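Reader: I would like to go through the side-chain contacts of this protein. Could you put the model up, please?
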Amino acid sequence: MAENTADPRSQHRQDGFPAQRQDQPGLTEETRPVPDHGEESYVGHGRLAGRRALITGGDSGIGRAVAIAFAREGADVAIVHMPEEQEDADATIGLVHAKGRKGVSLAGDLRDESFATEVVSQTRSALGGLDVLVLNAAYQHDIDGFENLDTEKLRRVFETNLFGLLYSARAAYPHLEAGASIIVTASVQAFEPSPGLIDYAMTKAAQVAFVKALAEEAGERGIRVNAVAPGPFWTPLIPATGWDAERLNTFGADTPLGRAGQPAELAGAYVYLASAESSYTSGAVLAVTGGKHL
């Protein structure tokens with residue numbers, strides 16, 4: 001085997017994850033083991049030089065991995081996060097600054113229409129414009145039987161995953177110029193929904209419809225709209241979902257590669273969709289699922 005070729009089955013943790021529980025939204029320092037966001041491994045090549053990106057849910061997990069990769073590819077980055085995630089946000093922005101890029105953290109709840117709208121203008125003001133919008137913020141919770149679906153949690157899922165996404169996208173859309181890119185974090189759940197995540201899966205399916213519909217309209221302006229569909233990835237969202245010890249121990253084991261993914265393994269998909277390398281890609285859903293089919 002060539003020196004730069006690694007077996008994808010064993011590149012990261014193969015054992016199950018230990019029992020643990022957090023409250024939403026979940027924090028990096030309380031997640032065991034700490035996810036790999038590419039802090040030590042991601043090497044940039046200037047593929048996003050001069051770009052200005054806004055990433056919702058950018059403080060930890062997938063969002064942090066994307067922020068790291070974007071900064072190392074030459075982009076300035078603004079991230080949106082909940083106020084209680086400020087410590088994670090500061091760490092992420094520190095990694096952006098370490099590469100000499102501008103970094104801005106915006107604290108608030110995207111369920112608030114005014115906040116979800118204002119983050120766009122704040123980003124444009126701080127970074128001098130906006131070229132890449134990554135709609136990544138999400139909420140999920142475990143449901144023990146459909147009859148136990150809690151109305152308040154259901155409302156939070158829909159308002160975070162759909163309303164917040166629409167508010168920010170709607171605010172950004174009129175100002176985006178040709179060459180801009182909108183990227184949504186969908187999920188394998190949009191195509192292979194789990195009963196225990198039924199409301200979350202519904203929102204992810206709706207996000208796919210959003211991408212396909214907006215891509216048709218935006219294409220006429222030279223704006224591309226795509227989605228990344230992750231499979232099981234180890235982020236603070238997972239121990240904050242409410243799963244028991246057995247579910248965490250087997251998390252990701254049902255994929256063909258036999259393990260959960262790490263956020264660092266997703267970053268390249270977002271870089272590709274944000275860069276000129278994907279100039280003819282729009283309305284697509286890029287699967288990063290460990291081999292699970294969409």
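Author: Here it is; please note that this is a predicted model.
Reader: Is Phe-17 buried or exposed?
Author: Phe-17 counts as buried, because its relative accessibility is 2%.
Reader: And which ring is it stacked with?
Author: Phe-17 is stacked with Trp-234: the ring centres are 3.9 Å apart and the planes stand at 10°. Trp-234 is buried too, at 0% relative accessibility.
Reader: Where do the two residues lie in the chain?
Author: Phe-17 lies in the segment before E1, and Trp-234 in the loop between strand E6 (224-230) and helix H6 (245-249), so the pair ties together parts 217 residues apart in sequence. Both residues belong to one aromatic cluster, together with Trp-243 and Phe-251.
Reader: Turning to charges, how many salt bridges are there?
Author: The count comes to twelve salt bridges. One of them joins Arg-64 and Glu-39, at 4.0 Å from N to O. Arg-64 lies in helix H1 (residues 61-72) and Glu-39 in the segment before E1, so this pair links parts 25 residues apart in sequence.
Reader: Which residues are linked with Arg-64 in a network?
Author: Glu-39 and Asp-88 are linked with Arg-64 in a network of salt bridges. Arg-64 is buried at 6% relative accessibility, whereas Glu-39 is partly exposed at 23%.
Reader: Which residues gather in the patch of negative charge?
Author: Asp-23, Glu-29, Glu-30, Glu-87 and Asp-90 gather there, on the surface. Glu-30 sits in the segment before strand E1 (52-56) and counts as partly exposed, at 42% relative accessibility.

Notes. Residues numbered from 1 in each chain as written. Predicted model: local features only at pLDDT ≥ 70, side-chain atom pairs only at ≥ 80, totals over all residues. Heavy atoms only, no water. Patch = residues over 30% accessible without salt bridge, like charges linked within 9 Å, V, L, I, M, F, W, Y side chains within 5 Å. Areas by Shrake-Rupley, 256 points an atom, 1.4 Å probe, with all protein chains shown as cover. Salt bridge = Lys/Arg side-chain N within 4 Å of Asp/Glu carboxyl O. Lys, Arg positive; Asp, Glu negative; His and termini not counted. Charge placed at Lys NZ, Arg CZ, Asp CG, Glu CD. Helix = DSSP H or I, 4+ residues; strand = E, 2+ residues; numbered from the N terminus. Buried < 20%, exposed > 50% of the residue type's maximum accessible area, 1.4 Å probe, protein only. Phe/Tyr/Trp six-rings, centres within 6.5 Å; stacked < 30°, edge-to-face > 60°.
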